[in-house]
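Me: Could you take me through one part of this model slowly, starting from a single residue and working outwards? I would like to understand how the reasoning goes, step by step.

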Amino acid sequence: LLFVLAAVVAAALSATNGALSQAGARLVPLDTPAWHAEVNGHRLPLAVEVYGKDVARMHIDLRATEVEVSVGVPDALFINLGRRRRIPVAGLATHPLAEVIADCAWPVISRSRDSRRSA
């Protein structure tokens, strides 16, 4: 199951990065998925980069029945940009997972792009 989930996640990340590249953003894996007891599953940590600047962290947690995507921001002022969404493993496909990943990442990407324009 992990191998299949990892393949779908890799394909979804590739699709998401293709779309985000037009906005100057990308998601960069920081490690390979590893078991984390606190999530009772495997976690893939990623950096959210905008124009080469690391602006947030994303985790993709692979569990037996669902995949959870979460984004956290380092600045408490922007806590409202954090996102957490879950998608069931049953019937998991690349396109819906890519949409969830992009949906979670977009608020912090958009804010970072806006900050760069106004600076």
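Reply: A good place to start is L81, which counts as buried because its relative accessible area is 11%, and a residue is called buried when that value is under 20%. Please keep in mind throughout that this is a predicted model. L81 does not belong to a strand itself, but sits in the loop between β5 (66-72) and β6 (83-88). If we set aside its neighbours within four places in sequence, L81 is in contact with V73, P107, V108 and R111. As a sense of scale, P45 is 36 residues away from L81 in sequence, and their C-alpha atoms are 18 Å apart in space.

One of those contacts, R111, leads us to the largest pocket, where R111 is among the residues that lie nearest the centre, together with K53, V55, S112 and S115. In all, 14 residues line this pocket, and the elements that give two or more residues to the lining are β4 (53-62) and α2 (94-118). Of these, α2 gives the most, with five residues. The pocket has a volume of about 290 Å³, and its lining is made up of eight nonpolar, two polar and four charged residues.

The helix α2 also takes us to another buried residue, T16, whose contacts beyond four places in sequence are L27, A98, I101 and A102; the last three of these fall within the range of α2 (94-118). T16 itself is in helix α1, and it is buried because its relative accessible area, 3%, is under 20%.

It is worth checking α1 as a whole. The helix runs over residues 2-20, and at 1.5 Å a residue its 19 residues should span 27 Å, which agrees with the 26 Å between its end C-alpha atoms. Besides T16, the buried residues of α1 include L5, V8, V9, A12, L13 and L20. Seen down the axis of α1, its buried residues fall within an arc of 140°, so they line one face of the helix. The general reason is that an α-helix has 3.6 residues a turn, so residues three or four places apart point the same way. On the face of α1 turned away from this buried side, you will find the exposed residues F3, V4 and S14.

Note on methods. Residues are numbered from 1 along each chain as its sequence is written. This is a predicted model: local features need pLDDT of at least 70, side-chain atom pairs count only at pLDDT 80 or more; totals for chains, interfaces and linings use all residues. Side-chain values use heavy atoms; hydrogens and water are left out. The expected span of a helix is 1.5 Å times one less than its number of residues. Buried means under 20% relative accessible area, exposed over 50%, partly exposed in between (1.4 Å probe, protein chains only). The arc is that of the directions from the helix axis to the C-beta atoms. On a 1 Å grid over the protein atoms alone, a cavity is a set of points where a 1.4 Å probe fits but cannot get out, and a pocket is an open set with protein on both sides within 12 Å along at least five of seven lines; lining residues have an atom within 4 Å of a point. Grid points are joined across faces, edges and corners, and a volume is the space filled by probe spheres set on the points. Ala, Val, Leu, Ile, Met, Phe, Trp, Tyr, Cys and Pro count as nonpolar, Asp, Glu, Lys and Arg as charged, and the others, Gly among them, as polar. Contact means heavy atoms within 4.5 Å.
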